[in-house]
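Subject: Handover of a structural model

Dear colleague,

Please find below the sequence and structure that I am passing on to you. My findings follow, beginning with the ligand site.

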Amino acid sequence: MFVKQHDDSLDSLLRPANWDEYIGQEKIKKHLKIILDAAKKRKEPSDHLLFYGQAGLGKTTLAHMVAKEMNANLKVTSGPAMEKMADLASILSNLERGDIFFIDEAHRLNRMIEEVLYPAMESRKLHIIIGKGPTTKTFSVDLPPFTLVAATTRADLLSAPLRSRFGGIFQLDYYEQKDIENIIKRSAKLLKLAIESEAVSILAKASRATPRVANRLLKRCRDFCEVNNLKKIDGDAAGKTLEVLEIDDMGLEPHDKRFLRIVIEKFNGGPVGVNTLAAALNEDRRVLEDIYEPYLMKLGFLNRTSAGRVITPAAYEHLGLKNEAKLL
Ligand code: ADE
């Protein structure tokens, strides 16, 4: 029942190949289909597209789908990978008509690179500046029609001029439990794994409403079954895998629990300012904001208020703690 494959190839194996295989995010699919179908009808590349949302929700998958749908090549880079103007200029000058140019982590593009992107996006011109001061020369090269697809976890960090140059802006949200269950079932089928419905629902609940996490948990269950000579993934195997990974039934990991406990124990449940909390946890503030907090807020365990972070009664209950702050 087990197929041997390296994790990298697994990821492309599990990636949906068309809209029918793509589960969830219905509104985005519908809107995106209209944009792409209209562009195909006009025989033109589509407008530039921006996808934003938490890590693992499928931004890269959507970029692949766009390329497939448009029957186009996908050229991939990321914000931090482009340091100098020349890095971007070399990619742009190698683009062919209709190419999809994908920039991941677009919030990490530096301002100089953004300045080169603007005319490329708007009027398909590559401006090259050579030299400094009075001897500066500027050339302009025409680029073929192409579509820029950018992905970011932090749309708020993109500069307003960059954001305004996208014709389609899509926010990917956390997935519904039933969508995650369907993704797990689909992945299990592709990996030729037998899985019981109880295991599907246990894994889905612990997947942080995120397909990438769901697929990772499924693969770890596969390892568990392989090592223990189990023929199928049942509820017991799923539960034991989560135990080994120190992931609880709602997907909380040790770092999430440490976060909640520190707010509860050191700050009486809050409100506590994010900088104070970051110092207490010995973490960067951005790690709290980008990685820890979104899922805790989605679960309703944490509120961001103007006075600071506050833990909710639901979090106390989940941790099996009395909400003493509430009784005061
Ligand atoms: N794998 C990762 N994301 C997926 C999705 N949205 N639908 C189907 N399979 C996926």
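A backbone N or O atom of I23 lies 2.8 Å from a nitrogen atom of the ligand. Please bear in mind that this is a predicted model, and that each distance below is computed from it.

**Ligand site**

Two side chains also make polar contacts with the ligand. For R186, a polar side-chain atom is found 3.3 Å from a ligand nitrogen. For Y175, an N or O atom of the side chain is 3.4 Å from a nitrogen atom of the ligand. The ligand on its own exposes 260 Å², and 95% of that is buried by the protein. Two elements each give two or more residues to the shell around the ligand, namely α7 (177–190) and α9 (211–227).

The full set of surrounding residues is L14, P16, E21, Y22, I23, Y175, I183, R186, P211 and N215. By residue class, this shell comprises 7 nonpolar, 1 polar and 2 charged residues.

**Overall architecture**

The protein chain has 328 residues, of which 45% count as buried. It contains 15 helices and 9 strands. The C-alpha trace spans about 70 × 50 × 35 Å along its principal axes. The domain assignment divides the chain into domain 1 (25–171), domain 2 (177–245) and domain 3 (254–319). Taken over C-alpha atoms, the centres of domain 1 and domain 3 are 35 Å apart.

**Annotated regions**

An unreviewed UniProt entry carries the annotation "domain: AAA+ ATPase" for residues 45–176. In the model, that stretch is 28% helix and 27% strand, with its end C-alpha atoms separated by 32 Å.

The UniProt annotation "binding site", again from an unreviewed entry, covers R285, R304 and R309. These residues are spread over 25 residues of sequence, yet they cluster in space, with a largest C-alpha distance of 13.6 Å. R285 belongs to helix α13 (residues 285–298). Its relative accessible area is 36%, so R285 is classed as partly exposed, a class that runs between the 20% and 50% limits.

**Two individual positions**

H48 sits in the loop between α2 (26–42) and β1 (49–52). Is this residue buried or exposed? H48 is buried, because its relative accessible area of 9% falls under the 20% limit. Its side chain makes polar contacts with the backbone at two places. One polar side-chain atom pairing of H48 is with the backbone nitrogen of L148, at 2.8 Å. The other is with the backbone oxygen of M121, which lies 2.9 Å from a polar atom of the H48 side chain.

I195 is likewise a loop residue, placed between α7 and α8 (197–205). With a relative accessibility of 21%, I195 counts as partly exposed, since buried residues must be under 20%. From I195 to I184 there are 11 residues in sequence, and the C-alpha atoms of the two are 9.2 Å apart.

**Points to look at in the viewer**

You may wish to begin with the ligand contacts of I23, Y175 and R186. The annotated positions R285, R304 and R309 could be inspected next, followed by H48 with its contacts to M121 and L148.

Yours sincerely,

A colleague

Conventions
Residues are numbered from 1 along each chain as its sequence is written. This is a predicted model: local features need pLDDT of at least 70, side-chain atom pairs count only at pLDDT 80 or more; totals for chains, interfaces and linings use all residues. Side-chain values use heavy atoms; hydrogens and water are left out. Domain bounds come from an automatic or database domain assignment. A residue is near a molecule or strand if one of its heavy atoms lies within 4 Å of it. A polar contact is a pair of N or O atoms within 3.5 Å; within protein, one must be able to donate a hydrogen and the other to accept it, and residues adjacent in sequence count only if both atoms are side-chain atoms. Accessible areas come from the Shrake-Rupley method with a 1.4 Å probe; for residues, only the protein chains shown count as cover. Helices (H or I, at least four residues) and strands (E, at least two) are DSSP runs, numbered from the N terminus. Ala, Val, Leu, Ile, Met, Phe, Trp, Tyr, Cys and Pro count as nonpolar, Asp, Glu, Lys and Arg as charged, and the others, Gly among them, as polar. UniProt positions are given in the numbering used here, feature names are shortened, and annotations may be inferred rather than shown by experiment. Buried means under 20% relative accessible area, exposed over 50%, partly exposed in between (1.4 Å probe, protein chains only).
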